[in-house]
Amino acid sequence: MIDWLTGTAFTVAGTGTTWAELLGFATGVVNVWLVARQRIANWPVGIANVLLLMLLFWTAGLYADAGLQIVYVGLGLYGWWHWLFGGEQRSRLTVSRTGRREWLALAVAGVLLTAGLWALLDRATDSTVPLPDALTTALSLLATYGQTRKRVESWWLWIAADLIYIPLYAYKGLYLTAALYLVFLALCVLGLRTWRADLRRAEQPTPVPPGPAPVTA
């Protein structure tokens, strides 16, 4: 199965595209579209996507990104449960904002993750892109955390990561994956607009019907 996934599906301009990259493209687009629409099915589709990408990134020498996919499986399972039962009284989760303390914690975690992964990749692997690999890994983890909590600002983190991923994957010869992240970028903008609209509707005050105030005992 792994041999088939790492085999060439087709060739463009002398560069082969594997079945793992092709299937990763398809499941990735479906996954982000489902997230933007707040469909719970995004989690199982996303888990299948990251398993394909793990294989793809490892064979391309993007070791941090490959290891990140293992973390994504765990986050995917957690997000699946939290979207179903993370709301008030174990109800479905609704879109919310990231608080100041949470932003501070995310910023500290992002700096530490980037620095630690950069040092690890630079010293312990043959990675030719240790800093961008580390930075995109950190941003993706923070964005996924926000996604599991339905934080609207998680889309901004995904957009920042995608803007780095696109040239990074093109540099590594993963042209279909680079094109996939262009699609991701557009879907992230759509998801941001959709979630912000849902949040605005939730934050609108409930209209009070005309008439005398109800009598309380």
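**Helix α2 and the residue that follows.** Helices here are DSSP runs of H or I, at least four residues long, numbered from the N terminus. In this predicted model, α2 is followed by Gln-38, and the phi of Gln-38 is positive, near 60°.

**Helix α2, checked end to end.** What span should the 18 residues of helix α2 have at 1.5 Å a residue? They should cover 26 Å, and the end C-alpha atoms of α2 (residues 19-36) are indeed 26 Å apart, so the two agree.

**The buried side of the story in α2.** Look here for the residues tucked out of reach: Ala-20, Glu-21, Gly-24 and Gly-28 are buried, and so are Asn-31, Val-32, Leu-34, Val-35 and Ala-36. In general, an α-helix has 3.6 residues a turn, so residues three or four places apart point the same way.

**A nonpolar patch on the surface.** Tyr-78, Trp-81 and Phe-85 together make a nonpolar surface patch of about 280 Å². Phe-85 belongs to helix α4 (residues 63-85). Is Phe-85 buried or exposed? Neither, quite: its relative accessibility is 35%, between the 20% and 50% cut-offs, so Phe-85 counts as partly exposed.

**Inside the largest cavity.** The structure holds 3 cavities of 30 Å³ or more, and the largest has about 390 Å³ of space. It is lined by 26 residues, with Asn-31, Val-50, Tyr-72, Gln-147 and Trp-158 the closest to its centre. Elements giving two or more residues to this lining are α2, α3 (42-60), α4, α6 (130-148), α7 (154-171) and α8 (175-203). Which helix gives the most to the lining of the largest cavity? That's α3, with 8 residues.

Methods:
Residues are numbered from 1 along each chain as its sequence is written. This is a predicted model: local features need pLDDT of at least 70, side-chain atom pairs count only at pLDDT 80 or more; totals for chains, interfaces and linings use all residues. Side-chain values use heavy atoms; hydrogens and water are left out. The expected span of a helix is 1.5 Å times one less than its number of residues. Buried means under 20% relative accessible area, exposed over 50%, partly exposed in between (1.4 Å probe, protein chains only). Patches are made of residues with over 30% relative accessible area and no salt bridge: like charges are joined within 9 Å, nonpolar side chains (Val, Leu, Ile, Met, Phe, Trp, Tyr) within 5 Å. Accessible areas come from the Shrake-Rupley method with a 1.4 Å probe; for residues, only the protein chains shown count as cover. A salt bridge is a side-chain nitrogen of Lys or Arg within 4 Å of a carboxyl oxygen of Asp or Glu. On a 1 Å grid over the protein atoms alone, a cavity is a set of points where a 1.4 Å probe fits but cannot get out, and a pocket is an open set with protein on both sides within 12 Å along at least five of seven lines; lining residues have an atom within 4 Å of a point. Grid points are joined across faces, edges and corners, and a volume is the space filled by probe spheres set on the points.
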